[in-house]
Amino acid sequence: MWVCKTVAELRYSIPEEMKEGTLVGNVAKDLGLDKTSLNDRRVRVVSGSKDALFEVNENDGVLYANHKIDREEVCKESSVCVINLKTVLENPLEIHYVAVEITDVNDHSPTFPQKTKRLEISESAVPGARYQLENAHDPDGGTNSVQQYKISQNDHFRLEIKDRGRDGKTPILQLQTQLDREAKRSHKLVLTAIDGGKPPQTGTVDIYIDVIDVNDNMPVFTKDTYSAVLQENAPIGTTVIQVNATDSDDGPNGEVVYSFGSNVKGKIRELFDVDSVTGEILVKGLVDFEEQDSYDIDIQASDKGTIPSRTDKSVIIKIGDINDNPPEIEVASLSSAVSEDSRPGTTVALISITDLDSGINGKIISYVVEDNPFKLTPSNQDNMFAIVTKSQLDREKQSAYDITIIAKDAGEPALTSEKTISVFVSDTNDNSPKFLVSPYTFYIIENNLPGASVFSVKASDRDEGDNALISYHILRDAGNGNKMTSFLNINSENGDIVALKSFDFEILKTFRFQVAATDSGTPPLSSNVTVNVFILDQNDNTPVILYPVSSNGSAEGVEEIPRNVNAGHLVTKVRAYDADIGYNGWLLFSLQEVSDHSLFGLDRYTGQIRTLRSFTETDEAEHKLLILVKDNGNVSLSATATVIVKVVEPKEAFAASDVKSAAKEDEGNDVTFYLMITLGSVSVLFLISIIVLITMQCSKTTDYTSKYLQEPNYDGTLCHSIQYRSGDKRYMLVGPRMSIGSTIAPGSHANTLVLPDRRRASGELTDPFNVLTA
């Protein structure tokens, strides 16, 4: 990317006619540039012409003349000759302006248009008659130009000098004593022009004066002075003024004709013409007040005598201004951008407004078009104005403005100009980051992969650049804050949140924390958002068999029943629980293996094993039943239990009843121990959460639940309560509706409530265990 740097201009001065290679100045030294880097930076002079007058040495930065310079050729008739140069350096790009003034050397002598000048003067010319001579021309300027004239010594004439200002000095020959043609027919004078050089240089012209007889009267103008006012842009052919002169002679000697004086410049001859007969001065070209506001024109009146008599008269023509120039608007300085926190009155641009017309035509009214927060105010300098802010800016509402400046003069009709500049509003950090959602709520399935992204937060900032560059971090309380934040990490750039551990629904069900978003401005701004995280259950727990359980811990048990029992007799009940909740923890029982399918039946919801018919003498005395317990997860998990049923004679069964009662009491104690462990591991927060979830599940419609329970004894709801007793405590479990006789296994903790002991008269509760299937 190129960066252009412009510095103040350097100014040097050298005389003209210096030889090629003349040292002008050391640009590198005067600009304070490193000479060792000049070659790499390609220092050079940029010139618009093919033949450059100056060049700069790329090695040492010295500016020298490439050619011999003739000031009169380069600057023509300018009084001050200054050549403006641009010096360019690259890497980085810099432009330096150098002004070289060419001072004049007196290298030209004054010269006259002609080597000889011949005048015809009547002998009747009276002393005091004046004859204007041609000016000498000297290309040099200033004091080196023509400063004075002198004439050779003679008895009849003396020299007068008329200073015409910018038109130079004009020599006028004045007759002192009357001429006598009979005494001397002609006179020779030498007119010398002297410049102001040191030493001065001169030029001469020989003036031959022929003395003419007879026509001894000159034309005389009727007015001493002639002046007129001409409006600029007047049509060609317009009469400016008419001059009039008379001659008292008769015949051709008294007929007057008019013409321009001999010293009238070519520019005036292009703009005006004079009628030789009437003396009218006519417009010949386009007259522009802004180019020149007045003209001093010499009009010569001559008679038609054999030797004409001439009289010169100066006519002053003043040019009147009309409103033909619209105002000119120029941007002097412009700020590339203005900060949005700038105070009202901050200057963003300097404007120059000028009008080439004069008077009321040059009076300017300027203003800024409305609908933007800027206004135009005058500055201390004439024709300079400042564009300033008039109210507070807001980049987020508008980041750029096109400001239109209107300038209108007071002429009739008025002329108008307009100019549009663009101003950009730079950003300041005045907007805090804003989260897209507040608060955030996310759901994570338990057993997530540690180190993987689990969710993401996102904030936006209305600022731009670094002020809108957002970084994220988790607010961590070093005291008693949320301990879960220690297991979370956040990507500071994109807000992705990574879990550093795997969550277990059975341990943690919900937590919350806060994330802060901070921008990169100075000073930085930030905002916080609360993130609520809910852990979703996954079917990751296998059903656990609580009964039967053998002494070595295997799911195996032996049951003895009398041979004389009837159909529907409860042989035993398989008890199990699942740590999952919902359908992941809802257990179903099925009979996988049985020696006689006609003899035993299993309730799929309660796990009760009952006889289907009475025993016969031919039935075997021992039967092995393999029961499969599986949950209702998408991918079911299961466990198996083995029950050995021994068929004994009634007497044997009665004898074993006492022993079995004792075993039941021990079993009751074991169940109580399991329940105490399970219930103690559940916090109050988890209990409340599960109750809320179950309550919501209970409110679901029959249509939702019906697809899961299709048993004939299903009463249309998933929710029911079961009471059971273990030891000296009574429990009520709330869970999905099962068939009559369904049980909940001890150890289920999600839906268990402890009730006050209200034993029935019989001292027993049906279904002492229930399987948790919430």
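P439 sits in the loop that runs between β32 (434-435) and β33 (440-445), and in this predicted model the peptide bond joining S438 to P439 is cis, with omega at about -10 degrees. A second cis peptide bond links T522 and P523, where omega is about -5 degrees; P523 belongs to the loop between β39 (510-519) and β40 (526-536). Most peptide bonds are trans, and most residues other than glycine have a negative phi.

Two asparagines also carry unusual backbone angles in the sense of that general pattern. N233, although not a glycine, has a positive phi of about 65 degrees, and its place is the loop between β16 and β17. N447 likewise has a positive phi, near 70 degrees, and is found in the loop between β33 and β34 (453-456). N233 is partly exposed, with a relative accessible area of 31%, and N447 is partly exposed as well, at 35%. The table collects these backbone features.

| Site | Backbone value | Loop |
|---|---|---|
| S438 and P439 | cis, omega about -10 degrees | P439 between β32 and β33 |
| T522 and P523 | cis, omega about -5 degrees | P523 between β39 and β40 |
| N233 | phi about 65 degrees | between β16 and β17 |
| N447 | phi near 70 degrees | between β33 and β34 |

**The chain as a whole**

The secondary structure of the chain amounts to 7 helices and 52 strands. Of its 774 residues, 44% are buried, while the chain exposes about 40900 Å², of which carbon and sulfur atoms supply 50%. When contacts between residues at least 6 apart in sequence are considered, 67% of them join residues at least 24 apart.

**Nonpolar cores**

The loop holding N233 follows on from β16, and this strand, residues 226-231, is one of the elements that supply at least two residues each to the largest nonpolar core. This core has 28 residues, and the members that touch the most other members are L230, F272, I281, I297 and I317. Besides β16, the elements supplying at least two residues each include β17 (239-242), β19 (256-260), the helix α4 (266-271), β20 (272-274) and β21 (280-283), together with β22 (294-303) and β23 (310-320). Of these contributors, β22 gives the most, with 4 residues.

Which residues does L230 touch, leaving aside those up to four places away in sequence? Its contacts are T238, V240, F272, V283, V287, I317, K318, I319 and G320. F272 and I317, two of these partners, are themselves among the residues that touch the most other core members.

A second core, separate from the one just described, comprises 27 residues, among them Y440, A459, F503 and F511. Y440 lies within the residue range of β33 (440-445), and F511 within that of β39 (510-519), the strands that follow and precede the loops of P439 and P523, respectively.

**Two open sheets**

One open sheet is made of 4 strands in the order β25-β31-β30-β27, with mixed pairing. Its edges are β25 (337-339) and β27 (364-368), each of which pairs on one side only. Neighbouring strands in this sheet are turned against each other by 30 degrees on average when direction is ignored. β25 runs parallel to β31 (residues 416-426), to which 3 bridges join it, and A337 has F424 of β31 as its bridge partner.

The other open sheet has 3 strands in the order β34-β38-β37, and here the pairing is antiparallel. β34 and β37 (488-490) form the edges, each pairing on one side only, and the twist from one strand to the next averages 30 degrees. β34, the strand that follows the loop of N447, is joined by 3 bridges to β38 (residues 496-499), and the two run antiparallel. Across this pair, F455 stands opposite I497 in β38. In general, the strands of a sheet pair through backbone hydrogen bonds, either parallel or antiparallel.

**Confidence in the model**

The mean pLDDT of the chain is 79, and 81% of the residues reach 70 or more. Over residues 655-669, however, the pLDDT is below 50, and this stretch has 6 contacts in the model beyond near neighbours in sequence. The pLDDT also stays under 50 over residues 700-774, where the model nevertheless has 203 contacts beyond four places in sequence. Where pLDDT is low, the predicted coordinates should not be read in detail.

Note on methods
Residues are numbered from 1 along each chain as its sequence is written. This is a predicted model: local features need pLDDT of at least 70, side-chain atom pairs count only at pLDDT 80 or more; totals for chains, interfaces and linings use all residues. Side-chain values use heavy atoms; hydrogens and water are left out. pLDDT is the predictor's confidence in each residue, from 0 to 100. Contact means heavy atoms within 4.5 Å. A nonpolar core is a set of buried Ala, Val, Leu, Ile, Met, Phe, Trp, Tyr and Cys residues joined through side-chain atoms within 4.5 Å. Buried means under 20% relative accessible area, exposed over 50%, partly exposed in between (1.4 Å probe, protein chains only). Two strands pair if DSSP finds at least two bridges between them. Axes are lines fitted to C-alpha atoms, for helices over the stretch in contact, and angles run from 0 to 180 degrees between N-to-C directions. Accessible areas come from the Shrake-Rupley method with a 1.4 Å probe; for residues, only the protein chains shown count as cover.
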